[in-house]
Amino acid sequence: MRILCVIPARIGSSRLPHKPLQTISEQPLIRLVTQRVLDFEVADRVVVATDDERVADAVRDLGAATVVGTERYASGTERTAAVAGMPRFADAEIVVNVQGDEPFIPAEAVSGAIGAVESGAEVGTAGAPVDARGLADRNMVKVFVGPDGRALAFSRGPRPAPDVGEAVVLHHVGVYAYRPEALRRWVSSEPVPAEIEEELEQLRPLSRGESIVVHELDEAAPSGIDTQEDLERARSLTSVFH
């Protein structure tokens, strides 16, 4: 199946200004994420989608395509959908969205999300084991997974409302794989109150009855870069990028 991977990277993050260009081991964050995805060799095409030429300039020599647009998008999913809708990428049978702030994302998370769609899911994602500290951390998104591997809820808190019973609780890893029609349905539907309250766009398709299959990782996965604290922690792990 033809796989398109989009890495959305918005310059104007409110929590961490100019996030894609913040450096770790003297390399821009977006460059580290892009190189990591290219090294996985799971996609036929990798595209960095951004609203700033400086972000595109940071990755052009790596071999990824770039799309720079001035349109305002409410989410990385909307930016991913805009790229997938372009005629030059319209032949993709699976669209993957790897968030541009995930320099440590495991290869298995990406391949697992893709594998879920290849096996028939409309949307695939990934989750990793989470400890008590992660459960209490509202910057870490949790996914609550039913016995059939489908997401029952997503939340920043230790439990969602309403209660989901005996679901497995995992750290939600920042990757999605979609069938193109499922991606179009996602972005064409209206936001729902829970999505706005939690600031979690994945609650939108879930509230409409769409299924999201979660590939469960065996080992914990580092969180993405959302805050200055996250950035400093990542900078302490410089050996990862040598």
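Let me start with the negative surface patch, which in this predicted model is formed by Glu 108, Glu 216, Asp 218 and Glu 219. Of these four residues I would like to place Glu 108, which sits in helix α4, the helix that covers residues 107–118. Its relative accessibility comes out at 37%, and Glu 108 therefore counts as partly exposed, since that class lies between the 20% bound for buried and the 50% bound for exposed.

Staying with acidic residues for a moment, Glu 102 lies in the loop between β6 and α4, and here the relative accessibility is 7%, so that Glu 102 counts as buried. If you want to locate Glu 102 on the screen, you can use Ile 30 as a reference, because the two are 72 residues apart in sequence while their C-alpha atoms are 8.7 Å apart in space.

Now to the salt bridges. How many salt bridges does the structure hold? There are 18 of them, and I will go through a few.

One of them joins Arg 2 to Glu 93, with the closest N and O atoms 3.9 Å apart, which is a value to read with the 4 Å cut-off in mind. This pair links distant parts of the chain, given that Arg 2 belongs to the segment before β1 (3–9), that Glu 93 belongs to the loop between α3 (76–84) and β6 (94–98), and that 91 residues separate them. Arg 2 counts as partly exposed because its relative accessibility is 41%, and Glu 93, at 30%, counts as partly exposed as well.

Another salt bridge brings together the side chains of Glu 53 and Arg 60, at 3.1 Å from N to O. Glu 53 has a relative accessibility of 43% and so counts as partly exposed, and Arg 60, with 39%, is likewise counted as partly exposed.

The next salt bridge is formed by Asp 230 and Arg 233, whose closest N and O atoms are 3.1 Å apart. Why are these two residues separated by about one helical turn? They are three residues apart in helix α9, which runs over residues 228–235, and this spacing is why the separation is about one turn. In terms of accessibility, Asp 230 counts as buried because its relative value is 10%, whereas Arg 233 is partly exposed, with a relative accessible area of 37%. Beyond such individual pairs, salt bridges that share partners join Glu 122, Arg 179, Arg 185, Arg 208 and Glu 210 into one network.

Let me finish with the aromatic residues. A pair of aromatic rings is described by two quantities, the distance of the centres and the angle of the planes. The structure holds three aromatic pairs, among them Tyr 176 with Trp 186, which is edge-to-face at 5.4 Å centre to centre and with 80° between the planes. This pair links distant parts of the chain, with Tyr 176 in strand β10 (residues 168–178) and Trp 186 in helix α6 (residues 180–188), ten residues apart. Are Tyr 176 and Trp 186 buried or exposed? Both Tyr 176 and Trp 186 are buried.

Trp 186 also forms an aromatic pair with Tyr 178, again edge-to-face, with 5.6 Å from centre to centre and 80° between the planes, and Tyr 178 is buried, too. Taken together, the ring pairs link Tyr 176, Tyr 178 and Trp 186 into a cluster.

Terms used. Residues are numbered from 1 along each chain as its sequence is written. This is a predicted model: local features need pLDDT of at least 70, side-chain atom pairs count only at pLDDT 80 or more; totals for chains, interfaces and linings use all residues. Side-chain values use heavy atoms; hydrogens and water are left out. Patches are made of residues with over 30% relative accessible area and no salt bridge: like charges are joined within 9 Å, nonpolar side chains (Val, Leu, Ile, Met, Phe, Trp, Tyr) within 5 Å. Accessible areas come from the Shrake-Rupley method with a 1.4 Å probe; for residues, only the protein chains shown count as cover. Lys and Arg count as positive and Asp and Glu as negative; His and the chain ends are not counted. The place of a charge is taken as NZ of Lys, CZ of Arg, CG of Asp or CD of Glu. Buried means under 20% relative accessible area, exposed over 50%, partly exposed in between (1.4 Å probe, protein chains only). Rings of Phe, Tyr and Trp (its six-membered ring) pair if their centres lie within 6.5 Å; planes under 30 degrees apart count as stacked, over 60 as edge-to-face and the rest as tilted.
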